[in-house]
Amino acid sequence: MTKIAILGAGGRLGRVVAKAFIDAGYEVRAVTRNGKVPAELKGATAVAGDALDREALIRATQGVDIVFNGLNPIYTDWGKCLPMAQNVMAACHANGALHLFPGTVYNYGSPMPAVISEDTPFHPTTQKGRIRCAMEELFRREADAGRVRTILLRAGDFFGGTGSGSWFDLIVAAKINKGIYTAPGPVDLVHEWAYLPDFAVGFVALARNLDKLGFYEALNFPGHAVTDLQIKAAAEKAIGRPLKMTSMPWWVLRAGSPFVAMWREIVSMSYLRFEPHQLASIRLEGIVGEIPHTPLDQAVAEALGDIGIATVDGVAKAA
């Protein structure tokens, strides 16, 4: 049985990816800093491993065939990203493990290309974008040197899955129980979203098709390129009542950003909410077959249920 270690298994992305690999029949090792596994990951083996401790991470991933790198510090701690990435490379190299990594659109900077393909050049204009580019450069160097094989799958903003921390639950759906939908930007602007259960199954599909992939691959995951008007309509259908549209008060965050570190970091990435963009792939379907894609109405309904919002056809999971 193929063994995979999920780094950051306690986080939103790590949980969903771990569940997808469990369901696919892999032996899953859930690696978290405290060694505790979310209850939903029944069947996974819990292992403690601090990603900032190289030797501890090497021990935590000993004997696995694949390492999924779901490590993602909060916005104010992104100085940890590159040291963590270096430690992950060391752990993969020490154990001869394949490295799976979720990429972002931060690398492309502002102005954003309206359509981003695998051939679109990077042009980071923020510190977070530069950090992401540096991480990917590290992965490519390790692959070119024959030390660590990396398969990267790039996606937009996450929604779906339990936990908190995404734009969907913190902003968009935060007031839906009060009858309000909050748009983070222009309501008719196309924005790239990734429904996490689909994204996770995409990683499973890549792991099953390694014979079609090189030693370093960076692929795009076309998710839901939709507007807030479309998501609002799906949310209204899911809960069975109309919602009032309101806008995120960016002026408050901008005014307070000199004094609140998290607001400053959010404002630095605000261009993503005001520039249309979507991901396209010229290769993914040829590798995995049909790209996982849950219809928007269903995905939004399930995502609302995941964060405790009752829907017409379901029961809130995290109420």
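Modeller: One word first: two residues touch, or are in contact, when they have heavy atoms within 4.5 Å. This is a predicted model, where local features need pLDDT of at least 70, side-chain atom pairs count only at pLDDT 80 or more, and totals for chains, interfaces and linings use all residues. Residues are numbered from 1 along each chain as its sequence is written, and side-chain values use heavy atoms, with hydrogens and water left out.

Biologist: Okay, let's start inside. Which residues touch the most other members of the largest nonpolar core?

Modeller: A nonpolar core is a set of buried Ala, Val, Leu, Ile, Met, Phe, Trp, Tyr and Cys residues joined through side-chain atoms within 4.5 Å. Buried means under 20% relative accessible area, exposed means over 50%, and partly exposed is in between (1.4 Å probe, protein chains only). The largest core holds 68 residues, and the members that touch the most others are F168, V300 and L304.

Biologist: And which helix gives that core its largest share?

Modeller: Helices (H or I, at least four residues) and strands (E, at least two) are DSSP runs, numbered from the N terminus. The largest share of the core is 7 residues, and these come from residues 81–95, which is helix α3.

Biologist: Back to F168. Which residues does F168 touch, not counting those up to four places away in sequence?

Modeller: Leaving those neighbours out, F168 touches F158, F159, A173, A174, W193 and I231, among others. The list also includes two residues we've just met, V300 and L304. To complete the list, add A303 and I307.

Biologist: How many residues are in the second, separate core?

Modeller: That core includes Y26, A30, L213 and F221. Counting every member, the total is 38 residues.

Biologist: Now a helix. How far apart are the end C-alpha atoms of α6?

Modeller: The expected span of a helix is 1.5 Å times one less than its number of residues. Helix α6 runs over residues 196–207, so its 12 residues should span 16 Å. The distance in the model agrees with that, at 17 Å.

Biologist: How many of the residues of α6 are buried?

Modeller: The buried ones include L196, D198, F199 and A200. G202, F203, V204, A205, L206 and A207 are buried too. That makes α6 largely enclosed by the rest of the structure, because the buried count, out of 12, is 10.

Biologist: Which residues make the nonpolar surface patch?

Modeller: Patches are made of residues with over 30% relative accessible area and no salt bridge, with like charges joined within 9 Å and nonpolar side chains (Val, Leu, Ile, Met, Phe, Trp, Tyr) within 5 Å. A salt bridge is a side-chain nitrogen of Lys or Arg within 4 Å of a carboxyl oxygen of Asp or Glu. This patch covers about 310 Å², and its makers are F259, V260 and W263.

Biologist: Is F259 buried or exposed?

Modeller: F259 sits in the loop between α8 (250–256) and α9 (261–268). Its relative accessible area is 71%, so F259 is exposed.

Biologist: What is the relative accessible area of Y181?

Modeller: Y181 lies in strand β9 (residues 180–183). Apart from neighbours within four places in sequence, its contacts include V172, D228, I231 and K232. Y181 is buried, and its value is 0%.

Biologist: How far apart in space are Y181 and K232?

Modeller: In sequence, these two are 51 residues apart. In space, C-alpha to C-alpha, the distance is 6.6 Å.

Biologist: How many salt bridges does a search of the whole structure find?

Modeller: One of them joins D77 and K80, with the closest N and O atoms 3.7 Å apart. Another joins the side chains of E142 and R147, at 3.0 Å from N to O. The search of the whole structure finds 11.

Biologist: Is E142 buried or exposed?

Modeller: Its partner R147 counts as partly exposed at 39% relative accessibility. E142 has a relative accessible area of 13%, so E142 is buried.

Biologist: Which residue forms a salt bridge with K237?

Modeller: The closest N and O atoms of this pair are 3.0 Å apart. K237 lies in helix α7 (residues 228–239) and its partner in helix α11 (residues 296–306), so the pair ties together parts that are 60 residues apart in sequence. K237 is exposed at 57%, and the partner is D297.

Methods. Areas by Shrake-Rupley, 256 points an atom, 1.4 Å probe, with all protein chains shown as cover.
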